Number of protein chains: 2
Amino acid sequence: MLDPHIYRELCAIVGTENVAVEKQDLICYGYDATQMEFLPAAVVHPATAEEVAAVLRLANRCCFPVFPRGAGSGFTGGALPTGGGVVLVTTRMNRILRIDTENLIAEVEPGLVTEEFQIAVEKLGLFYPPDPASLKFSTLGGNVAENAGGPRCVKYGVTRDFVMGLEVVLPTGEIIRTGTETYKAVVGYDLTRLLCGSEGTLGVITKIIFKLLPLPEAKKTMLTIFDSIDGAARAVSTIIGAKIIPTTLEFMDYATLQCVERRFNLGIPAEGRAVLLIEVDGDSDLVDKQAARIQELIRPLGLVQCTIAKDAAESEALWKVRRLVSPSLRDVNPHKYNEDIVVPRSKVPEVIRRIETIQRKYDIPIVNFGHAGDGNIHVNVMINKEIPGQEEKAHSAIREVFQAALDLDGTMSGEHGVGLAKQPYIEMELNPAQIRTMESIKLALDPNNILNPGKIFPWKGINHAA
Amino acid sequence: MLDPHIYRELCAIVGTENVAVEKQDLICYGYDATQMEFLPAAVVHPATAEEVAAVLRLANRCCFPVFPRGAGSGFTGGALPTGGGVVLVTTRMNRILRIDTENLIAEVEPGLVTEEFQIAVEKLGLFYPPDPASLKFSTLGGNVAENAGGPRCVKYGVTRDFVMGLEVVLPTGEIIRTGTETYKAVVGYDLTRLLCGSEGTLGVITKIIFKLLPLPEAKKTMLTIFDSIDGAARAVSTIIGAKIIPTTLEFMDYATLQCVERRFNLGIPAEGRAVLLIEVDGDSDLVDKQAARIQELIRPLGLVQCTIAKDAAESEALWKVRRLVSPSLRDVNPHKYNEDIVVPRSKVPEVIRRIETIQRKYDIPIVNFGHAGDGNIHVNVMINKEIPGQEEKAHSAIREVFQAALDLDGTMSGEHGVGLAKQPYIEMELNPAQIRTMESIKLALDPNNILNPGKIFPWKGINHAA
């Protein structure tokens, strides 16, 4: 229950119509793409940085936690209102403020949906590469807060690589600008990149200046099927070794293939054990040349089938195989833990082998697909929670999957972040000195621990009454 | 004078032969590429992270400042021992630890010279693009600490974009790893990028994991001369607008041209008012196509002369024009203030016009050249300090140049950082809330303000006895 005094103050800041406190209005701001649920005490929908700042100043004065939220499409609970408190939704701040075609930059508000932004810049012949799977509903503020990735990152980099500057409301309620409108800029500490991937714990993003690229002239999509995981993995190294960095190098293992084939009957050859969906983009002559060269390079590696799209419609048909993965996974088991480990590219076959061993040990299906070009594998542990013991088994299996990634010089997460979901495991990756350093930065910026408290670290900080 | 007790402890840590306290040995660690000079109390040359950590723990215990230093080639005094104290030189830690050709990463020590690293990776067909002008002597640790740039950044990005992880000794003497060996990684705050460009104030870098690229197959160099600054600037926008991002787009103004021509008689046409040195790299067919297209695009923009290099020797001859700039500047006046403002690309002509006005107002020569592709202009204010009043005039002119850059949505520094040299101006660019936020991070990581104190911010912190 929200203190009536706080309710009145929130209404004074954002307007009564932009404050929700009734249970039916709160429920849908208590969950995200994880399977966790919480109930906030209130939800506010500010329209400006000044309103966000006023909410945070009130939170510091009255000591309640604030949980910033975009579309709530996160996979690790970064936007969940764990301690009750106030959910601060950014979706009213969803404008494109400008697209500067001469300097290839754009300024947007955080609530803008990723795909809407991509469409707008592409109309002008420009390009915003980061493409998280959630791009049809995720917001750019959320993308920056989580440092979102996607298939195209192997060539173009992650969200961080496109953020030039921010307007941020600090946890104390101060509004600052970080970065500049120029790509080169070295005056003071790089607060821009510190905020990228800080999962809404260090500030509320209220404006973003993005770097854009010219839209590539052409692209070429190839669906390649191999008779072994090793063949597909060697194809990745061979292509990059031949100085071609494709836009995407999407990988699907045998379990994934079986799921898709069982449900959709695409006619994938029976001897197929792994798929690589390869796309190159750029100059139109060059993409043809690269596609031909790739075919030549991968033929000796156990290539079973190679289909090259002749046009956009054929390309779309090839991408369909990749897009059908998620909907077909539910046939395996109703509940999914979607992890996103990363290992150095050359170690993908080894980590897949280790995951197969883990799967056999716990006897639960694990389906692997993802971004082989940067070693980022989505490990989907599929269980049925109705079956006693499966949830515990899943957590043990996930711990071993993380350990395998770490043993191979990788990380627990390439795209999803820590949030709440990976918090129980964070001490496997970060040692006490690293965690202490990060916590000291959090406390330096948020002395009352108001903003998204209890996330990322196993935080032993201040408790708040909801 | 160093306390004999501290001297003994330093000798116990790094060995007597790696501690200097005699004035003749200290002098050369008291200056850098600025014209400022200081004298440290001692210089130590550690060989390992453990030795660096022990020096920093001693500094915390005995309360003396520590100034990390690579090659001392910085332009803003970031390595200068302002408060006496101990200079910690990283040049003994200069090994390439490994180059992983399959995963395109390398691990190096901070004292390695930039160009030595580039040569080593190029022998393996790999590529480390950042190319600060000092690359023949600057160290990679210094490059990371300053987030160094260079001509090739317009296409490839700055040093930060190639740093995947670090080993760092925190100011407290704790050794931590940041980042990972994978490009995608989102577990915890991005300490790696926070340290990039922090100018040696937040930690001593003891290992660096770099991302590498495949070495481009071919390159094509073009020297283009225009009859106006506007023509050259419009060429930059036109080329990028045509979806070609050259590797370099180096700009020289009329004053620069005159300097070079006066000294070296290269036969630059009399009607030439601005030069663009353009280089494209990549696939060999593509670079030919791009060079031809660029020529076609810029012809209507007042192009006076366009020379395309046919081979590496001709390319070297064209680059000579650019390389002769620095040695010929001294003919204008003996003392140089080399600033490195950045403005959005389209505002380069406007900022050059404003600089011309400033030059006329103060009646001191200002010579401009630099990286037009990313709007990063080196503004060289040339004076003779023997002439009374010139130094004061220079400082006033520099303040106005910075103001012009800031008025045009730019920054005071794209490559050189703040250090000491830009500290008097920092409040023109950063407001009190931004500075307070940065200072709070410094204090969170360095509670005793031991590491490179007094740099970047007009710091009102703890004073140390030397």
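Chain B and chain A bury about 6,500 Å² between them, and carbon and sulfur atoms give 61% of that area. Buried area here is the accessible area (1.4 Å probe) that two parts lose on being put together, summed over both. This is a predicted model, in which local features need pLDDT of at least 70, side-chain atom pairs count only at pLDDT 80 or more, and totals for chains, interfaces and linings use all residues. Residues are numbered from 1 along each chain as its sequence is written, chains are lettered from A and ligands numbered from 1 in the order in which they are written, and side-chain values use heavy atoms, with hydrogens and water left out.

Stay with the interface. Chain B brings 80 residues to the contact and chain A brings 81 residues. Contact means heavy atoms within 4.5 Å. The rule finds 12 salt bridges across the interface of chain B and chain A. A salt bridge is a side-chain nitrogen of Lys or Arg within 4 Å of a carboxyl oxygen of Asp or Glu. Side chains of opposite charge can pair when their charged atoms come close. One such pair is E415(B) with K184(A), whose closest N and O atoms are 2.8 Å apart. Across the interface there are also 30 residue pairs in polar contact, both at pLDDT 80 or more. A polar contact is a pair of N or O atoms within 3.5 Å; within protein, one must be able to donate a hydrogen and the other to accept it, and residues adjacent in sequence count only if both atoms are side-chain atoms.

Which elements of chain B supply at least two residues each to the side that touches chain A? They are β9 (175-179), α7 (191-195), α8 (229-241), α10 (284-298), α15 (426-429) and α16 (432-445). The largest share, 10 residues, comes from α16(B). These labels follow DSSP runs, numbered from the N terminus: helices are H or I with at least four residues, strands are E with at least two.

Now look at chain A by itself. Its domain assignment gives domain 1 (4-91), domain 2 (96-214), domain 3 (218-327) and domain 4 (332-416). Such bounds come from an automatic or database domain assignment. The centres of domain 1 and domain 3 of chain A, taken over C-alpha atoms, are separated by 43 Å.

Go next to N143(A), in helix α5 (residues 140-146) of chain A. Is N143(A) buried or exposed? N143(A) counts as buried, because its relative accessibility is 4%. The cut-offs are these: buried means under 20% relative accessible area, exposed over 50%, and partly exposed in between (1.4 Å probe, protein chains only). Not counting residues up to four places away in sequence, N143(A) touches T114(A), P132(A), S138(A), A148(A) and T159(A). With T114(A), N143(A) also shares a side-chain polar contact of 2.7 Å.

Salt bridges also form within a chain. Over all chains, the count comes to 64. R152(A) pairs with D131(A), the closest N and O atoms being 3.6 Å apart. R152(A) lies in the loop between α5 and α6 (153-156) of chain A and D131(A) in the loop between β7 (126-127) and α5, so the pair ties together parts that are 21 residues apart in sequence. Both R152(A) and D131(A) are buried.

Another salt bridge joins R354(A) and D407(A), at 3.9 Å from N to O. This pair links distant parts of the chain: R354(A) is in helix α13 (residues 348-362) and D407(A) in helix α14 (residues 390-407) of chain A, 53 residues apart. R354(A) is partly exposed, with a relative accessible area of 29%. D407(A) is partly exposed at 46%. Both belong to a network of salt bridges with D230(A), E350(A) and R353(A). In chain B, D407(B) forms a salt bridge with R354(B), with closest N and O atoms 3.9 Å apart.

Finish with the backbone. Most residues other than glycine have a negative phi. N265(A) has a positive phi, near 50°. N265(A) sits in the loop between α9 (254-264) and β14 (274-282) of chain A. N265(A) is exposed, with a relative accessible area of 63%. N449(B) also has a positive phi, of about 50°. N449(B) lies in the segment after α16 of chain B and is buried, with a relative accessible area of 1%.
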